Amino acid sequence: MNRASEDLAAGLDAWVAGRLDELVEVRRHLHAHPELSYAEVETTAFLEEQLGEAGLEPRRLPGGTGLVVDVGSGGPTVVLRADIDALPLADLKHVPYASTREGMCHACGHDVHTTVVLGAALALAALDDLPGTVRCVFQPAEETVPGGAKHVVESGVLDGASRAFALHCDPATPVGAVGLRTGSITAACDRLDVVLTGPGGHTARPQLTVDLVDALGRLITDLPGLLSRQVDPRAGMSLVWGAVNAGVAANAIPQRGTLRGTVRVLDRDAWAGAEAMLRRLVERVAAPTGAEVAVEYVRGVPPVVNDPRTVALLRTAALATVGPEGVRPTPQSMGGEDFGWFADVVPIALARLGTHGGGEPLDLHRGTFDVDERAIGVGVRLMVRAALQALAADAGSSGPAAGAPSPSHPARPRPGERR
């Protein structure tokens, strides 16, 4: 970080300390008023108001929910991303800020992510002479497939940016700590549906028909094993079945059976070939049984592959925020996260933000999930410092950082603008 950026960061801790209570109230408001993917209307309006009061000019994303706002001008452009949607789960907590909407809950920490990036935008807006542009993206629909991040990329919001940062709550990491990893940090996640059909028959005479349950059993047991011999083990590809259905009577061979599962993979190249491979293997296993086969393969989100240089900048920011004792390696997760789509355009880095404040960890995607709210201040300081580090590192660059993928689409108007 150059001297100008160091001067800008000098008052950051004091700014966050002075505004932390307000940021906690923002998080609690969001937590109490969750909205599902692509329906984040009130959330968008609330963020719009908060940013506007700070003198910023947020623009709505093309779908009508979600925002993008630039802080500063000129110089390189660095992106900070938050996801704003909630999950269709009941909130099971007995707290004053529990969800007020039946069947909806911020059980993945998106309320924290949103508050952190909002706080970073407000903190950066309070600084003078920002050495470039920080583009804060409040993205809808992370919890859908293929994810709202894909639509952000397609809208051109990232055009001209040099790199992008994001964070995700980690209930396995103590508050005050930050988890970092170079390379794949989360996995691609696709859905595989297999439907087998046959004429049906009596269980006393399986030789006269297609034993559909036997065919399903072969797919259940053989397919994952075959997959492990078709793919480089370092790609981290796995198939796990989640649902199987066939028949109702003990003495009748059914005419139809279904399997549903997820395919997860850590390697981007292996993910690109996963669908064709799985279709071939399903046909190969089912062929000797005589069953008719139909396969539906739904591509989900890509793996999040953290860029080494961008992680290095994030590590420097983390060291300045939580000290050497607070920066730790984080394990790979086979869960999905649509921030991976951003890597189609710019180098990315996703950090794990420690939210565990003691007692039994409150796991993600459960109605009991909650965080130690001290993590909000840590997250704001981390994101601001990461942005300043990146602006200093990318000064003089007119486009994506060296080694970044080139945008595959022409320049587009910004959201809310007409060409």
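Q: What does Asp344 form with Arg268, and how far apart are the closest N and O atoms?
A: In this predicted model, Asp344 forms a salt bridge with Arg268, and the closest N and O atoms are 2.6 Å apart.

Q: Where do the two residues lie?
A: Asp344 sits in the loop between strand E15 (327-329) and strand E16 (348-356), while Arg268 belongs to helix H7 (residues 268-272), so the pair ties together parts that are 76 residues apart in sequence. Asp344 is partly exposed, with a relative accessible area of 32%, and Arg268, at 25% relative accessibility, also counts as partly exposed.

Q: Which residues are joined into one network by salt bridges that share partners?
A: Arg27, Arg28, Asp111, Asp370 and Glu373 are joined in that way.

Q: And how many salt bridges does the structure hold?
A: There are 25 salt bridges in the structure. One of them pairs Glu42 with Arg101, with the closest N and O atoms 2.5 Å apart; this pair links distant parts of the chain, since Glu42 is in helix H3 (residues 41-53) and Arg101 is in the loop between strand E3 (77-83) and helix H4 (110-125), 59 residues apart.

Q: Switching to Asp193, is that residue buried or exposed?
A: Asp193 is buried, because its relative accessible area is 11% and the cut-off for buried is under 20%. The side chain of Asp193 meets that of Arg191 in a salt bridge (3.2 Å, N to O), and Arg191 counts as partly exposed at 29% relative accessibility.

Q: Last one: where does Gly160 lie?
A: Gly160 is in the loop between helix H5 (148-155) and strand E5 (163-174), and at 40% relative accessibility Gly160 counts as partly exposed.

Conventions: Residues are numbered from 1 along each chain as its sequence is written. This is a predicted model: local features need pLDDT of at least 70, side-chain atom pairs count only at pLDDT 80 or more; totals for chains, interfaces and linings use all residues. Side-chain values use heavy atoms; hydrogens and water are left out. Helices (H or I, at least four residues) and strands (E, at least two) are DSSP runs, numbered from the N terminus. Buried means under 20% relative accessible area, exposed over 50%, partly exposed in between (1.4 Å probe, protein chains only). A salt bridge is a side-chain nitrogen of Lys or Arg within 4 Å of a carboxyl oxygen of Asp or Glu.
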